Amino acid sequence: MSRITSLQTVEQPAKPFIQVNNVWQEYGDQVVLERLNLTVNEGDFCTLIGASGCGKSTFLRLLLGQERPSRGEILLDNAPIAGEPDASRGVVFQRYSVFPHLTVLDNVALGLELPKSPWLGRLLGGGKREAREQAEVILHKVGLGHSLGKYPAQLSGGMQQRLAIAQALITQPRILLLDEPFGALDPGTRKDMHELLLTLWQETRLTVFMVTHDLCEGFTLGTRILVFDKTRLDPQAPGAYGARVTYDIPLNTDRRAARAAIDELPASLGQLHIAHQGA
Amino acid sequence: MRLINRVPGRTGWSLLVILPFAILLFAYLTSSVQRLELNTNDKLLPSFTQMSSAVERLAFTPDKRSGEYLFWQDTAASLKRLGIGLGIAAVAGLCLGIAAGTLPLFSAPLSPLLTVLSMVPPLAILPILFIVFGLGELSKVMLIVIGVTPVLARDLEQRAREIPPELLIKAQTLGANTWTLILRVVLPQLLPRLLIALRLVLGSAWLFLIAAEAIASTDGLGYRIFLVRRYLAMDVILPYVAWITLLAWSMDFGLRKLTRLAFPWYAGAKA
């Protein structure tokens, strides 16, 4: 009993990171999302599931800034989220996530070069070497250490998605958006990718949103599953009503608690250290 | 076995490649011999000896009047015009294509304009070019530029639109601004397409060059062909045509090799 209460207390302190307030998304007559209200804490791993065309990907595009909501607002740390994609939100798509004209190493180093060089878009000399070294570290972590010089076309689908994840994480975004990232992979590779993603999630303070068609994937990976569905349907006008979040289920609480505990760790260790010095 | 499933072997393939050329050559030689038998002064289908002596006269003996080797002088003049024209057209086409294909604010005024401009027959405005730019080098280069740029720009605009939007968004999430996005993502992906587009417009570029040289020039491969036409000098015209074909073919070949060498990722990314 005491264990459960302690877990719950650990869950509590997270502050609202993303707030979705009464968001609607309409294209002409067609309502895709309606009255969407949601609060997401930092470090949540949200999986988004639902039938095709029910607005999961639309919601992801709103979070990404690729589209702006027709009504309502999305707040990130109490400030409206930027209306165009930027470095605070990383993204991995199902396809076309990596640049075909760059080698594996340069694909990742690009994320370090672009923010630092607004005119050339590339670093030279020492800066370039440093960026490549950093890129190499993360590529080794995702298991691409032996294919640094290859072009994406020479990699398998799973390898390409590993590269895409490494590329998205190199800029240290606060939010990672995944749009069916493993949809085109075979089951074995997919399982490896799940492990990789969970490891990376546990190591960083990332908030993840992942659209998936695979229910099992949604349930095993997420700490929170959001089911999108239409609550009202007019058979004469299928586009008249939009989808909402019909189920919002917390999952894998143990994993969430473990991660929250890890987050606490360095802080308490630091305090301990100071206390020692004081004494 | 169905025809669609029949693939020749390696030697068979080479033989089939040579076959049409051999047939053409044989047909020419036999007709030439027949005509020369009837009339030794026949000018229409000169023999290879007549052609080689014409080449010898133009390419390896200095001209009596100017002391120049006319063949090489013509070649240099033509290649210079073609090179400058294609170079300017490539840069202009690339800039216009990228602007129209990536930036919606530029696409709105540029795309329809380019479509209309590419429909203007360049040879029809050749007189205008002569009036505006004079009869010098500039008007010939401008004809190539005007004829080729809209085609290149429209092709590259289309290719720029074909870049998956996911990649453009991805670059933004990696911290790119519009300029660096174009510089690091759009431009490198379009360069191999530019080389391919150049190969395709090579034929029209030569057409414009020869047309301009035929009308107003004092040297150049096109000028020479149209000059000796008055004397029915097929022994000069035919080697010149063959030489132009060879030049055009080697440019095409060079561009193809360059695409493969400079952009090794390109062949794989297409698949």
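A crossing of two helices is called right-handed if the near helix is turned clockwise from the far one by less than a right angle, and left-handed if the turn is anticlockwise. The exercises below concern a predicted model.

**Exercise 1. Determine how helices α3 and α6 of chain B pack, and in which hand they cross.**

Solution. Begin with the two elements themselves, which are helix α3 (residues 70-102) of chain B and helix α6 (residues 137-162) of chain B. Their axes lie 6 Å apart and the angle between them is about 30°. Next comes the hand, and with the definition above in mind one finds that α3(B) passes α6(B) in a right-handed crossing. Finally, sorting the residues of this contact by class gives 19 nonpolar, 6 polar and 5 charged residues.

**Exercise 2. Decide whether α8(B) and α10(B) run roughly parallel or roughly antiparallel, and list the residues through which they touch.**

Solution. The axes of helix α8 (residues 178-215) of chain B and helix α10 (residues 234-262) of chain B come within 9 Å and cross at roughly 175°. Angles over 145 degrees count as roughly antiparallel, and therefore α8(B) is roughly antiparallel to α10(B). On the side of α8(B), the contact is made by B:Pro192, B:Leu195, B:Ile196, B:Leu198, B:Arg199, B:Leu202 and B:Trp206. On the side of α10(B), the residues are B:Ile244, B:Ala248, B:Met251, B:Asp252, B:Leu255, B:Arg256, B:Leu258 and B:Thr259. Counted by class, this contact holds 11 nonpolar, 1 polar and 3 charged residues.

**Exercise 3. Describe the make-up of chain B, and explain why its radius of gyration speaks for or against a compact globule.**

Solution. Chain B has 11 helices and 0 strands, so that its elements, read from the N terminus, are α throughout. For 271 residues the globule rule gives 18 Å, whereas the radius of gyration of chain B is 23 Å, which is well over that value, and so the chain is more spread out than a compact globule. Along the principal axes, its C-alpha atoms fill a box of roughly 75 × 65 × 30 Å. Buried residues account for 35% of the 271 residues of chain B. Among the contacts in chain B with a separation of 6 or more, 70% join residues that are 24 or more positions apart.

**Exercise 4. Work out which parts of chain A touch chain B, and what classes of residue they offer.**

Solution. The contact involves 25 residues of chain A and 21 residues of chain B. On the side of chain A, β6 (89-92) and α3 (104-116) each supply at least two residues, and α3(A) gives the most, with 4 residues. Divided by class, the residues on this side of chain A are 13 nonpolar, 8 polar and 4 charged.

**Exercise 5. Find where A:Asp77 and A:Asn252 lie, and state what is notable about the phi of each.**

Solution. The background is that most residues other than glycine have a negative phi. A:Asp77, in the loop between β4 (71-76) and β5 (79-80) of chain A, has a positive phi near 55° although it is not a glycine. A:Asn252 lies in the loop between β10 (243-250) and α8 (253-278) of chain A, and its phi is positive too, at about 40°. To judge exposure, recall that a residue is buried if 20 or more other C-beta atoms lie within 10 Å of its own, and exposed if 12 or fewer do. A:Asp77 has 13 such atoms and is therefore partly exposed, and A:Asn252, with 18, also counts as partly exposed.

Conventions: Residues numbered from 1 in each chain as written. Chains lettered and ligands numbered in written order. Predicted model: local features only at pLDDT ≥ 70, side-chain atom pairs only at ≥ 80, totals over all residues. Contact = placed C-beta atoms within 7 Å. Nonpolar A, V, L, I, M, F, W, Y, C, P; charged D, E, K, R; others polar. Rg over C-alpha atoms; globule rule 2.2 N^0.38 Å. Axes fitted to C-alpha atoms, helices over the stretch in contact; angles between N-to-C directions. Parallel < 35°, antiparallel > 145°, perpendicular 65-115°, else oblique.
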